[in-house]
Amino acid sequence: MAGKGEKVDIIAFGAHPDDVEIGAGAFLAKEAALGYKVGIVDLTRGEMGSRGTPDIRAGEADRAAQILGAVWRLNLEMPDGNISVERESVMKVARVLREYRPSIVLAPYWDDRHPDHVKTSQLITEAHFKAGLQKLEPELEAFRPNVILYYFLNRMEKYSFIVDVSDYYRQKQEAVSAHHSQFGPGGLKPLAALGVKAPLQFIESRDRFQGAQIGTAYGEAFLVKNAIPIDDPMKIWGS
Ligand SMILES: [Zn+2]
């Protein structure tokens, strides 16, 4: 994609191509529309999925990134179904953070029924910390992003805040649908196995529910470990 190698404001990490779209696609589209540079990093090529070859999935992922307005999308080619939090994987992610220097990082929420999502969450959390340690691989300048926003995939529990994404929801739907091998007819086996007959509606219902919590049509929820500084609560709740 054009823009590869560019520094960005936000990097969204996912285990599989389509994770960031499902969890935070409309948020990414919104930030890109507001003029921020967004990069997407998939840890695996999704080769263990029962549908779609890695090549097909790579093409779908690039198309989805264009729809969202991302400046680039990388794939770290870690083994699908076997993401580990060992040193080399951590440093691989830390190098990406040091090279592209985002203010905000997105990672999947740490509690999820898919082990890859859990491991990805742990991996990004550890890499975020280690990227800031100058004595680790000192040839690349240390850098630690300001915050990790954890997004939700299969499970959503407590959240820290919800972003109004109503105006960008159509882009999210298009980006998710661009993963045709997963969401087209016969796709999305994992959710079907859980008895979810209509996965796109499942995602939409969740995002509508999240929007309802803040009085908007659609919302995407995030959890952060940091305290959230608020300058003036009246700007949010004053009438
Ligand atoms: Zn996934």
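**Exercise 1. Is S103 buried or exposed?**

Solution. Count the other C-beta atoms within 10 Å of S103: there are 12. The cut-offs are 20 or more for buried, 12 or fewer for exposed, and anything in between for partly exposed, with C-beta atoms placed from the backbone. S103 is therefore exposed.

Two notes apply to every exercise. Residues are numbered from 1 along each chain as its sequence is written. The model is predicted: local features need pLDDT of at least 70, side-chain atom pairs count only at pLDDT 80 or more, and totals for chains, interfaces and linings use all residues.

**Exercise 2. Place S103 in the fold and find which residues it touches.**

Solution. Start with the elements. Helices (H or I, at least four residues) and strands (E, at least two) are DSSP runs, numbered from the N terminus. S103 sits in the loop that links α3 to β4. Next, list contacts, meaning pairs whose C-beta atoms, placed from the backbone, lie within 7 Å. Leaving out residues up to four places away in sequence, S103 touches D9, P145 and N146. Finally, compare sequence with space. S103 and I10 are 93 residues apart in the chain, yet their C-alpha atoms are 6.1 Å apart.

**Exercise 3. Check the length of helix α3, then describe its buried residues.**

Solution. Helix α3 covers residues 87–100, which is 14 residues. The expected span is 1.5 Å times one less than the number of residues. That gives 20 Å, and the end C-alpha atoms are 20 Å apart, so the two agree. Now list the buried residues: S89, V90, V93, A94, V96, L97, R98 and Y100. An α-helix has 3.6 residues a turn, so residues three or four places apart point the same way. The buried residues of α3 pack against β1 (10–14), β2 (38–44), β3 (72–78) and α4 (115–130). Just past the helix, R101 has a positive phi of about 50°.

**Exercise 4. Where does helix α1 bend, and how many of its residues are buried?**

Solution. Helix α1 has 15 residues, 19–33. Its first and last C-alpha atoms are 20 Å apart, close to the expected 21 Å. The bend at a residue is the angle between axes fitted to the seven residues ending there and the seven starting there. For α1 the bend is about 75°, at G25. Burial comes next: 14 of the 15 residues are buried, so α1 is largely enclosed by the rest of the structure. Just after α1, G35 takes a positive phi of about 105°.

**Exercise 5. In which sense do β2 and β3 pair, and which hand does their crossover have?**

Solution. Two strands pair if DSSP finds at least two bridges between them. β2 and β3 have five bridges and run parallel. The chain leaves β2, passes through helix α2 (residues 54–68) and reaches β3; this β-α-β crossover is right-handed. Right-handed means that, with the strands pointing away from the viewer, the path from the first strand over the helix to the second runs clockwise. As one checkpoint, G39 stands opposite W72 in β3.

**Exercise 6. Work out the pairing and burial of strand β7.**

Solution. β7 spans residues 219–222. It is joined to β6 (residues 161–164) by four bridges, and the two strands are antiparallel. F161 has F222 of β7 as its bridge partner. In a regular strand the side chains alternate between the two faces of the sheet. In β7, G219 and A221 lie on one side, E220 and F222 on the other. All four are buried, and both faces are covered.

**Exercise 7. Compare the settings of D18 and E77, two non-glycine residues with positive phi.**

Solution. Most residues other than glycine have a negative phi. D18 has phi near 120°. It lies in the loop between β1 and α1. With 28 C-beta neighbours inside 10 Å, D18 is buried. E77 has phi of about 50°. E77 belongs to strand β3. Its count is 13, so E77 is partly exposed.

**Exercise 8. Is the protein chain as compact as a globular protein of its length; what does it contain?**

Solution. The chain has nine helices and seven strands. Its radius of gyration, taken over C-alpha atoms, is compared with the globule rule, 2.2 Å times the number of residues to the power 0.38. The value is 17 Å, close to the 18 Å given for 239 residues, so the chain is as compact as a globular protein of that length. Of those 239 residues, 44% count as buried.

Terms used: Two residues are in contact if their C-beta atoms, placed from the backbone, lie within 7 Å.
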